[in-house]
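Subject: Handover of a structure for your work

Dear colleague,

Please find below the structure I am handing over to you, with its sequence. My findings follow directly after it.

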Amino acid sequence: MERESFEDEETARLMNEHFVSIKVDREERPDVDAVYMDAVVTMTGHGGWPMTVFLTPDGEPFYGGTYYPPEPRHGLPSFRQVLEAVAEAWGERRTDITRQAASLTEHLRASAQTRPSNEPLTASLLAEAVAGMRRHFDPAWGGFGRAPKFPPASVLEFLLRRDETEMAEKTLDSMALGGMYDVVGGGFHRYSVDREWLVPHFEKMLYDNALLVPAYLHGWLVLRKDRYRRVVEETIDYLLRELRLPEGGFASAQDADTEGVEGLTFTWTPEDPVPRDVLQPFEHGRFVVRGELDRDTQARLLSLRAERAQPARDDKVIASWNGLALAALAEAGRRLGREDVLAAARDVGAFLLGPLSQPGGKLYRTWRAGRAHTDGFLEDYADVANGLYELHVATGELRWLEESRRLALLAVELFADGERGGFFHTAADGERLVNRKKELDDHPTPSGNSMLAYALLRLARIYGDEDFERQAVGVFRLAAPLVAQAPSSFGHLLCALDLHFSTPREIAIIGDPGSEVARAALHPYEPNTVVAFGPADDIALLSGKTEVRGKAAVYVCERFACRAPVTEPEALASERQERGRPSAPSPGQTPRRPGPP
């Protein structure tokens with residue numbers, strides 16, 4: 001619509017004559033987008049983008065829709081016709097319209113007042129969620145539902161936690177075949193227009209790749225498939241090469257189009273030096289690459305592609321998405337033994353606590369070209385707090401854990417609903433819109449509620465903070481009835497519930513983070529175990545714990561009841577064998593799944 005209508009002189013004249021027009025970047029202002037998307041869905045029965053909403057001077061919506069063509073088409077009025085009709089109605093029936101807008105606004109407010117469930121929270125929620133996912137699973141190509149297909153990263157994380165490997169493996173395998181996954185340059189495109197993950201919408205988003213790195217990393221740890229590790233490394237390399245900014249943060253996206261043509265940079269012709277057996281048709285005589293490439297061919301094709309015109313990069317830095325990237329880089333750098341990735345993670349952490357933080361310690365939402373603006377939203381605090389915790393585990397540096405807790409405390413102060421539980425999307429001292437919403441579903445990214453609940457539970461088990469746990473349970477009581485209806489929309493919330501129902505298990509590590517015993521303690525994939533490095537007597541899990549005879553010591557605990565400290569990796573291996581837990585592959589390993597020779 002921007003090209004068809006907003007840049008058209010006659011359309012612009014009508015807009016300026018009759019309206020105060022405000023163009024909103026929904027990534028910078030997700031609160032505005034969410035409130036008025038609800039209004040459009042209520043008025044029309046569907047939503048989407050681009051979205052146009054007409055408001056009273058008080059911001060109350062009274063008419064809206066998604067796409068309006070420049071000329072009448074397929075039963076749709078042109079955008080100019082809509083402008084003229086709304087202007088005429090406002091001039092002649094303003095009182096009626098204002099009353100209608102007030103009624104709609106009251107409906108939106110009422111529908112947002114989700115009440116917590118009184119039913120007991122039980123682990124049966126998790127089994128029921130898996131059963132619900134299985135009903136919508138595509139057994140041929142993985143994923144859930146029909147085309148278009150979006151990468152279900154958080155759902156895969158939940159399935160791997162639950163050892164539901166069949167659905168997870170099929171989806172991970174299929175997504176990595178190529179097409180939606182860029183087998184030449186690494187990284188995932190936004191979504192697939194077909195059920196086979198073949199033809200993508202070519203935009204690449206930071207958040208998708210930040211979520212898929214840990215999904216494939218954990219897939220490698222659980223399923224032990226070399227291909228998954230390669231996807232992790234290639235996707236990280238893409239992030240560092242294409243989206244990392246000199247200041248330390250990550251840009252938000254790469255466009256789908258190059259010179260006005262979708263996929264031009266990423267697609268090939270039969271005349272290009274690409275193996276014919278990996279070419280799959282796209283459109284206009286161009287092809288996408290699907291299949292395995294050897295390292296030399298991959299490097300050669302990437303070098304050729306770099307000589308082409310490149311898609312534009314959206315270089316605004318969004319706090320929440322950088323928090324997701326921080327968590328991914330920190331854990332991947334630690335598990336893969338890549339110091340360059342850990343260095344990038346430290347840079348992101350410093351950027352989030354520097355240029356993206358306000359003088360009083362609150363977060364900004366976005367930064368671009370040296371200027372940060374807009375107060376952070378719930379997901380910004382939640383994702384950054386979680387990322388900082390992962391950075392603490394990866395480095396052993398206490399600063400990051402302390403900052404994670406500080407932001408979690410601030411999030412509770414700014415966003416908590418003391419009456420019904422859960423957290424509002426906007427801060428109590430933020431700009432007042434016509435409705436103050438709570439976002440609960442995890443599509444396309446973890447909601448602020450599910451991520452904060454997850455972070456609060458982890459911190460509660462380190463700091464012994466019962467209020468943190470109570471706040472997390474408040475989220476679960478709000479979301480539980482919704483999870484039963486559409487479990488694949490609540491993947492990260494289910495991960496948090498899985499943590500909640502697990503037996504609390506904590507590991508305190510005192511001394512050198514690089515010691516053999518510390519590395520052995522962190523080696524297994526145990527997503528419901530929390531870890532903290534000390535010494536630090538003001539942190540409950542670490543209080544009173546010291547090195548043993550000058551050596552780094554690991555304390556394995558359940559509900560703060562700890563075994564005798566160990567200083568040798570072999571003692572940790574014995575403890576794991578007692579619990580019947582398998583080991584994870586080491587950074588240098590290229591493991592194979594157990595099976596017949």
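The buried residues of helix H2 pack against two other helices, H1 (2-6) and H4 (79-92). Please note that this is a predicted model. The residues in question are Thr11, Leu14 and Met15, which are buried within H2 (residues 9-18). Viewed along the axis of H2, the buried residues fall within an arc of 95°, and they therefore line one face of the helix. Glu9, Asn16 and Glu17, on the other side of H2, are exposed. At the start of H2, a side-chain oxygen of Asp8 comes to within 3.3 Å of the backbone nitrogen of Glu10.

Two helix pairs

Two packed helices are described by the angle between their axes and by the distance between those axes. I give both values for each of the pairs below.

For H14 (residues 378-395) and H16, the axes come within 8 Å and cross at roughly 40°. This makes H14 oblique to H16, because an angle counts as roughly parallel under 35 degrees and as roughly perpendicular from 65 to 115. On the H14 side, the contact is made by Leu378, Glu379, Ala382, Asp383, Asn386, Tyr389 and Glu390. H16 contributes Gly448, Asn449, Met451, Leu452, Tyr454, Arg458 and Ile462. The crossing of H14 past H16 is left-handed.

For H6 (residues 124-136) and H7 (residues 153-161), the axes come within 11 Å and cross at roughly 125°. H6 and H7 are therefore oblique to each other, and their crossing is left-handed. Leu126, Ala129, Val130 and Met133 of H6 meet Val155, Phe158 and Leu159 of H7.

The loop between H6 and H7 holds Pro148. The peptide bond leading from Ala147 to Pro148 is cis, with omega near -5°.

The loop between H15 and H16

Lys437 is located in the loop that runs between helix H15 (398-415) and helix H16 (448-463). Is Lys437 buried or exposed? Its relative accessible area is 12%, so Lys437 counts as buried, the cut-off being under 20%. Its side chain makes a polar contact of 2.7 Å with the side chain of Asp38. A further polar contact, of 3.3 Å, joins the side chains of Lys437 and Glu439. When neighbours within four places in sequence are left aside, Lys437 is in contact with Ala34, Val35, Asp38, Phe424 and His425. Asp38 thus appears both as a polar partner of the Lys437 side chain and in this set of contacts.

Pro444 also has its place in the loop between H15 and H16. A cis peptide bond joins His443 to Pro444, with omega at about 5°.

The loop between E8 and E9

Thr265 lies in the loop between strand E8 (261-262) and strand E9 (279-281). The relative accessibility of Thr265 is 1%, and the residue therefore counts as buried. Which residues does the side chain of Thr265 reach through polar atoms? One is Thr258, whose side chain makes a polar contact of 2.6 Å with that of Thr265. Another is Ala309, whose backbone oxygen lies 2.7 Å from a polar atom of the Thr265 side chain. Neighbours within four places in sequence aside, Thr265 is in contact with Thr258, Arg305, Arg308, Ala309, Gln310 and Pro311.

Positive phi values

Two residues deserve a note on backbone geometry. Asp163 has a positive phi of about 60°, although it is not a glycine. Asp163 is placed in the loop between H7 and helix H8 (165-175). With a relative accessible area of 56%, Asp163 is exposed, because the cut-off for that class is over 50%.

His284, likewise a residue other than glycine, has a positive phi, near 55°. His284 has its place in the loop between E9 and strand E10 (287-289). At 70% relative accessibility, His284 counts as exposed.

Yours sincerely

Technical notes
Residues are numbered from 1 along each chain as its sequence is written. This is a predicted model: local features need pLDDT of at least 70, side-chain atom pairs count only at pLDDT 80 or more; totals for chains, interfaces and linings use all residues. Side-chain values use heavy atoms; hydrogens and water are left out. Helices (H or I, at least four residues) and strands (E, at least two) are DSSP runs, numbered from the N terminus. Buried means under 20% relative accessible area, exposed over 50%, partly exposed in between (1.4 Å probe, protein chains only). A polar contact is a pair of N or O atoms within 3.5 Å; within protein, one must be able to donate a hydrogen and the other to accept it, and residues adjacent in sequence count only if both atoms are side-chain atoms. Contact means heavy atoms within 4.5 Å. The arc is that of the directions from the helix axis to the C-beta atoms. Axes are lines fitted to C-alpha atoms, for helices over the stretch in contact, and angles run from 0 to 180 degrees between N-to-C directions. Angles under 35 degrees count as roughly parallel, over 145 as roughly antiparallel, 65 to 115 as roughly perpendicular and the rest as oblique. A crossing is left-handed if the near helix is turned anticlockwise from the far one by less than a right angle, and right-handed if clockwise.
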